[in-house]
Amino acid sequence: MSNHPFSLSVIAAAVLYVCHSTNAVAETVTESIDNLNNQLDLQQSSISQFHYRQSDIALGLTGATVLPTGPNQDITITHAGATDGVAILQDGIFFSPAPYSGQHLVLQPNLMHQQKVSFSSMTSVTESSQAAFGKLDYQSVQISPQKYATDVNVEGSDNNAINGGAVLSGTSKQNGMLLAVDYQSASDDVGYRVARDADSTQKDILFKIAADSLPGARNQQTTEFSYQYSSQEADRGALGLTSVDFSVNPTQLYSAASTDNTEGERQRYVLAHQLIMSSTSTMATDFYYQTYSQQSQEMQFVDGEQVNNALLSRIAMFETTPTTDGMNLGALTQNNDFSGFGMQTKGVSMYGQHQVTYSARYHTDKAEMRLGQREWSWNNDLSLTPTTDDEYALTYTDDASAFSSAVDTKLNYGQWSINLGLGYEHVSVSRELGDVNTSLNAADFSDDGWSPSIEVAYQSGPWLAALQAKQAWTAASAGNIEQTAQEALQYQLALSYQQDALSIAMTAYMHDYDSQHVSCMQGMICDYEQISLQENIKDVSVVGADLSIAYGLTFDHFSIPFKAKYQYTQAETDNANCNELMACFAADSQLPWVPEQQLTLSSGVVYGNMSIMAQVLYQSELGYQGGFTNERAIDSQWKVDIAATYRLTEQHELYVRVENLLDEELVANRTAMGFQGQSEMTTYFGYQGHF
């Protein structure tokens, strides 16, 4: 890699477009540091055998703060205390179909179909307000420039997992095509008193077709159409174990939770066009439409009352000694549909040594929510019998539309550069209630915000320094009773050093929130109305520092790659706060979903055709579940994965991977509904082929 990766030229801007990058926009120097130190190449051999099914450590290596999760659940990320305004993108487009309306929705893409992933903390003003407080950006696998190229992966595990996928692509003359398919299946024994399995399956399809300039075209251009389909189904409950039961077997659940299931189906269409208008001006335009349907059922009630510690003990006692009368249980049911459409364009122009980026986006999305309850009888033989059909207590539709525009100017003067940016977004929000009795309020409001930013950067040889200030803004959702936007002043100092195989980056930041949004995030147990809420926490102060180091030692017969990411975050409220989602917590206390420290490591040895690599994730104490107390905090945790690979030939390689090598009792959730564990130690055997 060049020691001067941040110098700008017309040639560099053109190369970005010729290489079919869907994110070819002007970067601030801070973003360049992020891309250098917070980007993970998922295709490199030292990483690929890890990320195929697990993504928590991979996302930690990019700099995202990762919240613990149970098996077969999407990873939730945060940044600097913020959960809202932290966008998940794929190829520069929202991955969630309704980021404005469905703010509680968490979706991550299949890593088998991704090429790179990066995290940016101080995003450019050219991004929308939904990425104002950070963005996790995936780059999907690209069409191979070769005539034919195929990648195959097959693996199985000691927990009955069977996973397999293939990526086929190629380019002929000026046209290219790609087809990627993947299938995952797993079955875990989680019955506490009754031997039942928790099954999960996932199917993914990605199709792309691309064409370069037509004969006779005045300007070089590329057009790509992509279609993405994904379906998931998981049978695993949100009802956990008492502390005594968890200490016996942390990966098991109560038999009452065996009826819980989640189904989702997602489709996405994207038309991307890139145009080199002149030697000094380029433009990229995307049109997208995507949908997601979600059905779920989670056992949460006993005799109509939401499960608490006392009721959880009753459930544990009944499962140990069933009574003749049985128990009356209730499940929270959901049948939701999300959809979104938008178009966005970004242009980059060079004026001498200076660079200007123009951007505009129109986006609209909808969340049609149906939430209710279904009654069950838990019999003395521990069988579960439904006694009612699904009854939707709440039905409502949230609509949101947003228009944003921005200009970002980079002025280069020798070793100095100055970035001046200004973004604007207008958001309209509405909530229409169904004909079911509800205590929700209809909503119809609009808001707009300006996002100015300034950055001063200096480069000297391998050193680069940048000081940035920004006003960040994210609109309130329909469930925000106060209709208060999330706003913060952001300040960041970033330093980086790159020389040969050594790369070091350090950032220190301060975010001063006037209001911070909290909604029902994954891992929280929310009832019907809580899912529809968005709470505001006033006056939040966040200070933090990140340190990343990447280094590669190369000897005559072997090499040692090393990558580490350490994050320190202190996120505190200035005033005591009580709300419907988080209960009460004291002033000057750490936000319960923000670990003060997170450390991720990746290292190992590559010797000829063999390699052995380890990845590590450490997090300090967490307590982000609703109504938390110190008794429900999640203790600090270590997770270690290890993988060994043997390359038979250039085309064939075998690997073995062990997840949670230490086989520790890792906690995913700890709420009034009990403990839930992350995956126990699991061994995978796999094959990768490259043709």
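This report describes selected local features of a predicted model, from a disulfide to internal cavities.

**The disulfide**

The structure contains one disulfide. Its partners are Cys520 and Cys526, whose sulfur atoms lie 2.1 Å apart. The link between Cys520 and Cys526 is right-handed, with an angle of 110° about the S-S bond. Both Cys520 and Cys526 are buried.

**Aromatic rings and charges over rings**

Across the whole structure, 13 aromatic pairs are found. One of them is formed by Tyr227 and Tyr269: the ring centres are 5.0 Å apart and the planes meet at 45°, so the pair counts as tilted. A tilted pair is one whose planes are neither under 30 degrees apart, which would be stacked, nor over 60, which would be edge-to-face. The pair connects distant parts of the chain, since Tyr227 belongs to strand β12 (residues 221-234) and Tyr269 to strand β13 (residues 261-278), 42 residues apart. Tyr269 has a relative accessible area of 33% and is therefore partly exposed. Ring pairs also bring in Tyr289, which forms a cluster with Tyr227 and Tyr269.

Arginine side chains lie over ring faces as well. Arg266 is placed over the face of Phe95, at 3.8 Å from the ring centre. In a further case, Arg431 lies over the face of Tyr396, at 4.3 Å from the ring centre.

**Residues with positive phi**

Where in the chain does Ala80 lie? Ala80 is found in the loop between β3 (76-78) and β4 (87-90). Although Ala80 is not a glycine, its phi is positive, at about 50°. The relative accessibility of Ala80 is 3%, so this residue counts as buried, the cut-off for buried being under 20%.

Asp539 is another residue other than glycine with a positive phi, near 50°. Asp539 lies in strand β25 (residues 534-554). With a relative accessible area of 32%, Asp539 is partly exposed, because this value falls between the limits of 20% and 50%.

**Cavities**

How many cavities of 30 Å³ or more does the structure hold? The count comes to 16. The two largest are set out below.

| Cavity | Volume | Lining residues | Nearest its centre |
|---|---|---|---|
| Largest cavity | about 420 Å³ | 27 residues | Thr83, Val86, Gln103, Leu105 and Val106 |
| Second largest cavity | about 140 Å³ | 20 residues | Val125, Glu127, Ser128, Ser129 and Ser451 |

The lining of the largest cavity, which comprises 27 residues, receives two or more residues from each of β3, β4 and β24 (502-519). Of these elements, β24 gives the most, with three residues. By class, the lining of the largest cavity has 13 nonpolar, 13 polar and one charged residues.

Which elements supply at least two residues each to the lining of the second largest cavity? They are β19 (391-413), β20 (416-433), β21 (443-460) and β22 (463-474). The lining of the second largest cavity is made up of six nonpolar, 11 polar and three charged residues.

Terms used: Residues numbered from 1 in each chain as written. Predicted model: local features only at pLDDT ≥ 70, side-chain atom pairs only at ≥ 80, totals over all residues. Heavy atoms only, no water. Disulfide = S-S within 2.5 Å. Buried < 20%, exposed > 50% of the residue type's maximum accessible area, 1.4 Å probe, protein only. Phe/Tyr/Trp six-rings, centres within 6.5 Å; stacked < 30°, edge-to-face > 60°. Helix = DSSP H or I, 4+ residues; strand = E, 2+ residues; numbered from the N terminus. Lys NZ or Arg CZ within 6 Å of the ring centre and 35° of its normal. 1 Å grid on protein atoms, 1.4 Å probe; cavity = no way out; pocket = protein on both sides within 12 Å on 5 of 7 lines; lining within 4 Å. Points joined across faces, edges and corners; volume = space filled by probe spheres on them. Nonpolar A, V, L, I, M, F, W, Y, C, P; charged D, E, K, R; others polar.
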